[in-house]
Protein chains: 2
Amino acid sequence: MANIAKKVSWSGRGEDRGERTPLLNGAEDGKYNRKLSGGGMFHIGRLSTVDLEEEITPEEEIVRSRLKEIPHNEKLLSLKFESLDYDNSENQLFLEEERRMSHMGFRCLEIRRWVICGLIGFFTGLIACVIDIAVEVLAGYKYFLVKQNIEKFTEHGGLSISLILWAVLNSAFVMVGAIAVAFIEPIAGGSGIPQIKCYLNGVKIPRVVRLKTLVVKVFGVICSVAGGLAVGKEGPMIHSGAVVAAGVSQGRSTSLKKDFKMFEYFRRDTEKRDFVSAGAAAGVSAAFGAPVGGVLFSLEEGASFWNQMLTWRIFFASMVSSFTLNFFLSIYNKKPGELSSPGLINFGRFDSDTVKYTLFEIPLFIIIGALGGLLGALFNLLNNWLTIFRIRYVHRPCLQVMEAMLVAAVTATVSFAMIYFSNDCQPLGQDHSEEYPLQLFCADGEYNAMATTFFNTPERSVRSLFHNPPGTYNPVTLGVFTLAYFLLAVWTYGLAVSAGVFIPSLLIGAAWGRLFGILLSVIAPNQSMWADPGKYALMGAAAQLGGIVRMTLSLTVILVEATGNVTYGFPIMLVLMTAKIVGDYFVEGLYDLHIKLQSVPFLHWEAPATSHWLTAREVMSSAVTCFNRVEKVGTIVDVLSNTSTNHNGFPVVTHTTGHDEPGKICGLILRSQLIVLLKHKVFVERASSRLIQRKLQLKDFRDAYPRFPPIQSIHVSQDERECMMDLTEFMNPTPYTVPQETSLPRVFKLFRALGLRHLVVVDNENRVMGLVTRKDLARYHMGKDGLEELHLAQM
Amino acid sequence: MANIAKKVSWSGRGEDRGERTPLLNGAEDGKYNRKLSGGGMFHIGRLSTVDLEEEITPEEEIVRSRLKEIPHNEKLLSLKFESLDYDNSENQLFLEEERRMSHMGFRCLEIRRWVICGLIGFFTGLIACVIDIAVEVLAGYKYFLVKQNIEKFTEHGGLSISLILWAVLNSAFVMVGAIAVAFIEPIAGGSGIPQIKCYLNGVKIPRVVRLKTLVVKVFGVICSVAGGLAVGKEGPMIHSGAVVAAGVSQGRSTSLKKDFKMFEYFRRDTEKRDFVSAGAAAGVSAAFGAPVGGVLFSLEEGASFWNQMLTWRIFFASMVSSFTLNFFLSIYNKKPGELSSPGLINFGRFDSDTVKYTLFEIPLFIIIGALGGLLGALFNLLNNWLTIFRIRYVHRPCLQVMEAMLVAAVTATVSFAMIYFSNDCQPLGQDHSEEYPLQLFCADGEYNAMATTFFNTPERSVRSLFHNPPGTYNPVTLGVFTLAYFLLAVWTYGLAVSAGVFIPSLLIGAAWGRLFGILLSVIAPNQSMWADPGKYALMGAAAQLGGIVRMTLSLTVILVEATGNVTYGFPIMLVLMTAKIVGDYFVEGLYDLHIKLQSVPFLHWEAPATSHWLTAREVMSSAVTCFNRVEKVGTIVDVLSNTSTNHNGFPVVTHTTGHDEPGKICGLILRSQLIVLLKHKVFVERASSRLIQRKLQLKDFRDAYPRFPPIQSIHVSQDERECMMDLTEFMNPTPYTVPQETSLPRVFKLFRALGLRHLVVVDNENRVMGLVTRKDLARYHMGKDGLEELHLAQM
């Protein structure tokens, strides 16, 4: 998955285009800050200049290249990511609206939420269907061409021409996909799971849920899977579902400049994030035919607290998505109305009668799990190094496209060589379960076994490894295949193509798992219990995937649902757990590594255990920019325009007599709210004329959401600068506060459980002493030798 | 399930024995309260006198009988239930301990948590195994006896003797179980699910997690299932798992007076509650062979926020429990090591090949769901009336035992009559799937079909309904059976026996579901798709159970896991959702009804939607009893001894000059902490001598947990009353606070997300204005016509 593309996007273009308001409050600012005790704790780097046009100006190009040169470092925490406001700003406007609403009104809202979830599920299923059919058609056509060609040249000699044809076809597909990703929408690269994980965690990743991203993602994944890369189409479905959710729930598309005037109530971060979790779940559900797994994925990755109704809605979206996919695929497969087929992935069903395991196999499963953990850690380490290399040297879009094409050609070459040099001939089965049996140099009525794994889409290969009868594969074939595919997969993840890592991981694991099973039957040939190497292939697949992504409960359920068999639940869990424990000993999961490389301020579930000695006083950013209840417009404009601070939330304080003394907290107002107020010129002096105009309503804030205009685009005349603004009605009058002595874990718990963006730290007298934001908490993490503190960087 | 027993326990004996500290702070108290603005909002009833002996004194007996006479009312909220302290009291002692702990120390703790979860799973599985084997042996013996007897008298005439034998055997079993429940431990009655739901919600139900309860529960459920009541053994497993968890995690048994000196760190409500969720999950897992369903059950019912590590541990406990049960049952079934059998319940596997459904069946599933919702609502309404009747008139233990015996005899009689009058003879199957085929008046080689459903444990009947081939059952038989069993089940739930409602619900549903399927094939005989009435039996079972208990996600997963088939996931979800929507229109779920009848202050997921106009000022209990940082011992003792207030948490304030002015908050201290301080005489005046003694440590608090002695048992001399106590070190210095203007939903969210017990409401100056506790929030609920306010009652 193309994290190199994501990289560029996250650190370079992402910030400069579109989202232009870096988030964090806390830097010192001479003019308007009320100086408080305790100094600012972090250095401020130069901030890149921001501009307003969507086009990339030459200056921006320079900034971008400079940004790219900053060496990425896991010990840095970027300040450029905004947070989502999961906490509702309960200002007077909001409360008035809620109080006006009747019991029926809330019922209607609830019904609308269900409708949206149904729509999310429907469209996600539809997209999965489109991807599936497109891949099948394209890949089918490609393999048909190459197979014909190979058959032609096997007899006449000159198979190198077939190789070239294959490589060129692959590269062509991948080139198209990579160009779309690298030049049009870099954030669409990779699986998108790290980005969605961040979004659900409360970090706003620029452009991650836009329509353009979705289009490029879908197009890209079709190209990369059809192009024969060692990738899967499942990961991107999760991202696609999330984009669908963000779009549908808002009832409009800013990209298409189309507002359906629907679902306006849901235009805020709180609601949107809930819907995005439903979308991600629907994506998983469509990808793996695993509705429950989807719900668990969303909860495991996203929800900071569990709400029964929300969960039930998420489940509904998942179910609808899986149903839609099944329904349309059943039509495509000419069996309309037969809904029993699973999701995008099709592992085949394990037959209930043969599915069993005994107590004595449990140690074997644990060994497989440990192996998976080791191999997964190796995968992650190698890929981590490669990613750092890419960030440093392969950051131009054209280089990225070329690398992707190179990988595609190499994949074809390696596959070809493996097939060519293998002499593992197997008799053709009666049931023609092989889609493209390659005879090559085998006798008539036989086919090349290596070709079943290489000359095929990875999903089909996994299925063969799970279900083919014992004796189908030669152990040497499997060993060589594992090694080759492992290296290919490491190289592929992080390319500028949109693609997932689930399927390649499963394939690698299935290969060595089956090998393991075969070796077992060689060592102890008289034991009937390991007669079926497919069981070990399944366990190996689970172990390898678990070792790479380190998901736990949700992965167990996804695998159980995808294989349609509950009996293997316990061994799969054992294997996943062992893989996670062993893998975590060496290195983090793949997604977490990539999130770390982006220096995203990601909040884990709990504060580091040994952080009890830290209190809010040490953690907070002090010297907070505060506003008075009634504040001068000029002051507000100056604060908002100050690019060196770029605060996003401002405590509102009661006027104090002494100017040096911090004021008492009486509210909290956001940059976005102030911008809307300035835009509508809600000044005290104009109150009389405003009575003639209509009063500002929540609708005005919702219309501006989520792309609030930058302060520079709002013209404030010199006269207006002298006016006053009354913030009382618009601020959140009851922000959460904590005293300075609160321990870090306690602050963390409050922050995480409520999904906060700003937490005001007050003293005994309720005076504002500091502000805790996401980066203040994400900074502390558990290193090898105890608590470590990350540095903050403005990049 | 015997909610009548629970009733007595919850409202009468529960409070008077053992737990003696009613919880709620907020009543006015002339002497020690600092009077604040805003009046107390609720009347205070007489408080029952409390005494210290475990034995029931004559006075207590009077109190109990008086309490029972109070008519129960759904519009009341009882003040007698305590809350759990899910929020940690982060006082200096705790912080010092945490700071002293190394990185390794925390790792060890984590490992210990895993070990405990493993043990919980193991013991829960073992208990499930004991129950299963005991029931099988006893029921087998009973049916063997009766069968012999029937066969004997079928030929000779005089079957009434067989009926009497059957009824007497049933009554005897039930009597033994009912006596244990009614006389020894009433809280062990019923399924225990409402109690565990309350516990996980944060309500302390007296004696619910004690060893004695577990013993009575296990013994009771064996008796009631063997006694042929319309009950299942699954519900009680959840309660059993929870008790095991509470016991194991504390490393001691207060009942057995045995302290293993293990796991002392976990002796507080926060940790205990986490383990209890694991225990409940392990119980579900063992009962239904559904480890994932168990996790979801715990989360759906209990967790206010989702913690990844906790979830993973819960999952581990579930898996171990299911594994243990499987392992021991495999030994019992003489197939040691074969672990593929499911949990206690055995629905049989649906064969993957025959499992399918088409689009056209979906409307049928929705109809089934709606039927289930209707029938479920009817069940709940009837049972609700019956429960109110029982609370009023059947509250003496001997009456309860007699009622249970009567039900057992009637069940036998009805069953006998149904079998006797049915002439639905079916040929004996080749595979002898019938455990006790009754020939009765059928021809040789045939058996009475009615007997398969009545002359059997309910689980086996469900299995027959799911899997027997088409044509096994006569539609009239099924119709009569449904009606009879429905009424029996309504009557049985709430008896003073320990038993679950899952299996009877499934059985009723499976019967009418199969009937539905048979009718379909009569109406449209040419359609092959509803050839299998077993599918409709499954859907009917899901619909009926969903209509009664109204569980959602977890129930879907439980049913999917229990039937071992993923394909029916979508229809099952559809059915459950329809059943819930239809059922909720009429009446709440069975468990919620019973919780409401107990007037438990249960917190739902969110505040009522239309409650935004309420603020903390209106919601809070004002006139809070506060202490000074350094407080006179006499004052503390008097406040704690005041039975008319019985506060449980006290804000600690800085000394103010004016006596009428409320003090500034600087901490919060709990009754339990004060009791320990008083017991150890931690007085300022003794500080010098305390230096010689050891300093008070967290261990002292943990040793006293959870049964802190009542204040009356602590002797404080007149001299000591004049001493001072310094609370600084022991109070929680950073309690959560909110301003008075905070809206109810916001207060609710904070309270619920963090699992609080006390939330201090402060003014601008951080002065204590009020205290919000559970009952203040639970009071508001959504009625038919909008927001309703429950009355508070001291019973």
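Me: Hey, what share of the interface residues of chain A are also interface residues in chain B?
Reply: 100% of them, so the copies meet through the same surface. A contact here is a pair of residues whose C-beta atoms, placed from the backbone, lie within 7 Å. This is a predicted model: local features need pLDDT of at least 70, side-chain atom pairs count only at pLDDT 80 or more, and totals for chains, interfaces and linings use all residues. Residues are numbered from 1 along each chain as its sequence is written, with chains lettered from A in the order in which they are written.

Me: How many residues does each chain put in?
Reply: Chain A gives 71 residues and chain B gives 71 residues.

Me: Which element has the largest share on the chain A side?
Reply: That's H11(A), with 9 residues. Helices are DSSP runs of H or I, at least four residues, numbered from the N terminus.

Me: Cool, switching topic: what rotation superposes chain A on chain B?
Reply: A rotation of 180°, with 0.0 Å of shift along its axis and an RMSD of 0.1 Å. That is the relation of a two-fold axis. The fit is by least squares on the C-alpha atoms of residues with pLDDT of at least 70 in both copies.

Me: And Met104(B), buried or exposed?
Reply: Exposed, because 9 other C-beta atoms lie within 10 Å; exposed means 12 or fewer, buried 20 or more, and partly exposed in between, with C-beta atoms placed from the backbone.

Me: Where is Met104(B) placed?
Reply: Met104(B) is in helix H4 of chain B, residues 103-156. Its C-alpha atom is separated by 26 Å from that of Tyr705(B), 601 residues apart along the chain.

Notes:
Two residues are in contact if their C-beta atoms, placed from the backbone, lie within 7 Å. Helices (H or I, at least four residues) and strands (E, at least two) are DSSP runs, numbered from the N terminus.
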